[in-house]
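Where does this protein leave empty space, and how are its buried side chains arranged around one another? Please look over the model with these two topics in mind before reading the report below.

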Amino acid sequence: MNDYRFGVSLRFLTGRDDWAAKCRRAEELGYDTITIPDHLGMPAPFPALVAAAQATERVRVGHLVLNAPFYNPVLLAREVESTALLTGGRLDVGLGSGHMKSEFDDAGLRFAPPAERIKHLARTIEVLRDRLDDAPPLLVAGNSDRVLRLAAEHADIVGFAGLKHARGYPPGTFDLASAAELDDRVGFVRSATTRQVEFNMLIQNVVVADDPVPALEEWLAGVPSELGWSAVRLVDAPQMLAGTPEQIAAKIRAMRERYGFTYFTVFEMAMEEFAPVIPLLRA
């Protein structure tokens, strides 16, 4: 079986020195990958990744994930090629079809229907593969059949977040998928490919505590109550890691056995909190 990989999604850029120190700290804590999302109001992905690679020696850097409809595929290929060179070959390219309508509106871009955005994603993958061959590695993330089929056919890494669109809410509002629903999404990818691919799971929250329920209740304050989640249910949700480091490590082993996840990414806010779990899984 493949070794575990652990990533951290960095989201806050306050200055050159602080950024470099944060990236070095992630490497020191044992993370294997530093990733950047592609949301307005967060760091511009390409310069942030170049700076992350310059500040570190071992970690890979990548996007989790680029909003493909933001980019002309040919011009994006140029960005990727230069960034791969400047990061010393440590770049992973992550792609998604885009889902935040508010960001398209803010950028003055048309928020096309899902079928059009996924078609653009497919074209982007085609151009990157044509112009850059098989380097660097490609991660494709999503939840729909059409995006996951593209991932199964073309990606080196398939990204899951355990999220689904919340029905009755504006675009960009998500609900947590159940364990059974995540089984279905993973099974769909497995049935659509005969290749060896890596499965990444983007963890939505980490709480390291003997009793994680109070902290999970705070997290739920930002979740619509109509979705029906409780702190007790969240302890067992696949998108959440809650408990002692030993309990979290046991849950990750169980998720690897059930879903095949070997690559786990946490958000920046959990970088220090999750770090004690890493050596438990590499012992």
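## Helix α6 and its packing

In this predicted model, the buried residues of α6 are Val147, Leu148, Leu150, Ala151 and Ala152. These buried residues pack against the helices α5 and α7 (179–191), and they also pack against the strands β6 (138–141) and β7.

Leu148 of α6 reappears among the contacts of phenylalanine 160, which, once its neighbours within four places in sequence are set aside, touches Leu148, Leu182, Arg185, Val186, Val189, Phe199, Asn200, Met201, Leu202 and Phe261.

## The nonpolar cores

The largest nonpolar core holds 70 residues, and the members that touch the most other members are Tyr31, Phe160, Phe261 and Phe274. A second core, separate from this one, has 12 residues, among them Ala166, Leu176, Trp229 and Ala231.

## Aromatic pairs

The count of aromatic pairs comes to nine. One of these joins phenylalanine 6 and phenylalanine 274 in a tilted arrangement, with 5.7 Å from centre to centre and 55° between the planes. This pair links distant parts of the chain, since phenylalanine 6 belongs to strand β1 (residues 5–9) and phenylalanine 274 to helix α11 (residues 271–274), 268 residues apart; both residues are buried.

Tyrosine 259 and phenylalanine 261 have ring centres 5.1 Å apart and planes at 25°, and because planes under 30 degrees apart count as stacked, this pair is a stacked one. Tyrosine 259 has a relative accessible area of 2% and is therefore buried, and phenylalanine 261, with a relative accessible area of 0%, is buried as well. Both residues belong to one aromatic cluster, which is formed by Phe160, Phe199, Tyr259, Phe261 and Phe264.

## The largest pocket

Rolling a probe the size of a water molecule over the atoms shows where empty space is left. In this model, the largest pocket has a volume of about 1400 Å³. Its lining consists of 47 residues, of which His99, Ala161, Leu163, His165 and Phe174 are the closest to the centre of the pocket.

Several elements each supply at least two residues of this lining, namely the helices α5 (114–132) and α6 (145–154) together with the strands β4 (66–67), β7 (157–160), β8 (163–165), β9 (174–176) and β10 (198–202). By residue class, the lining of the largest pocket divides into 23 nonpolar, 17 polar and seven charged residues.

## The cavities

How many cavities of 30 Å³ or more does the model contain? The count comes to two. The largest cavity has a volume of about 70 Å³, and the residues that line it are Val80, Val93, Ile125, Leu128, Arg129, Leu132, Asp133, Ala135, Pro136 and Leu138. Helix α5 gives the most to this lining, with four residues. The lining of the largest cavity is made up of eight nonpolar residues and two charged ones, with no polar residues.

The second largest cavity encloses about 50 Å³ of space, and its lining is formed by Thr33, Thr35, Gly62, His63, Leu64, Asp92, Gly94, Leu139, Ile157 and Tyr263. The elements that contribute two or more residues to this lining are the strands β2 (33–36), β3 (60–63) and β5 (91–96). In the lining of the second largest cavity, four residues are nonpolar, five are polar and one is charged.

## Two further buried positions

Alanine 53 is part of helix α2 (residues 45–55), and its relative accessible area of 5% lies under the 20% cut-off, so this residue counts as buried. Leaving out residues up to four places away in sequence, alanine 53 touches Val61, Thr87 and Arg90. The C-alpha atom of alanine 53 is separated by 8.9 Å from that of isoleucine 34, a residue 19 positions away along the chain.

Threonine 244 is placed in the loop between β12 (240–243) and α10 (245–259). Is this loop residue, threonine 244, buried or exposed? Its relative accessible area is 16%, and because buried means under 20%, threonine 244 is buried. With its neighbours within four places in sequence left aside, threonine 244 is in contact with Ala209 and Asp210.

Notes
Residues numbered from 1 in each chain as written. Predicted model: local features only at pLDDT ≥ 70, side-chain atom pairs only at ≥ 80, totals over all residues. Heavy atoms only, no water. 1 Å grid on protein atoms, 1.4 Å probe; cavity = no way out; pocket = protein on both sides within 12 Å on 5 of 7 lines; lining within 4 Å. Points joined across faces, edges and corners; volume = space filled by probe spheres on them. Nonpolar A, V, L, I, M, F, W, Y, C, P; charged D, E, K, R; others polar. Core = buried A, V, L, I, M, F, W, Y, C linked by side-chain atoms within 4.5 Å. Buried < 20%, exposed > 50% of the residue type's maximum accessible area, 1.4 Å probe, protein only. Contact = heavy atoms within 4.5 Å. Phe/Tyr/Trp six-rings, centres within 6.5 Å; stacked < 30°, edge-to-face > 60°.
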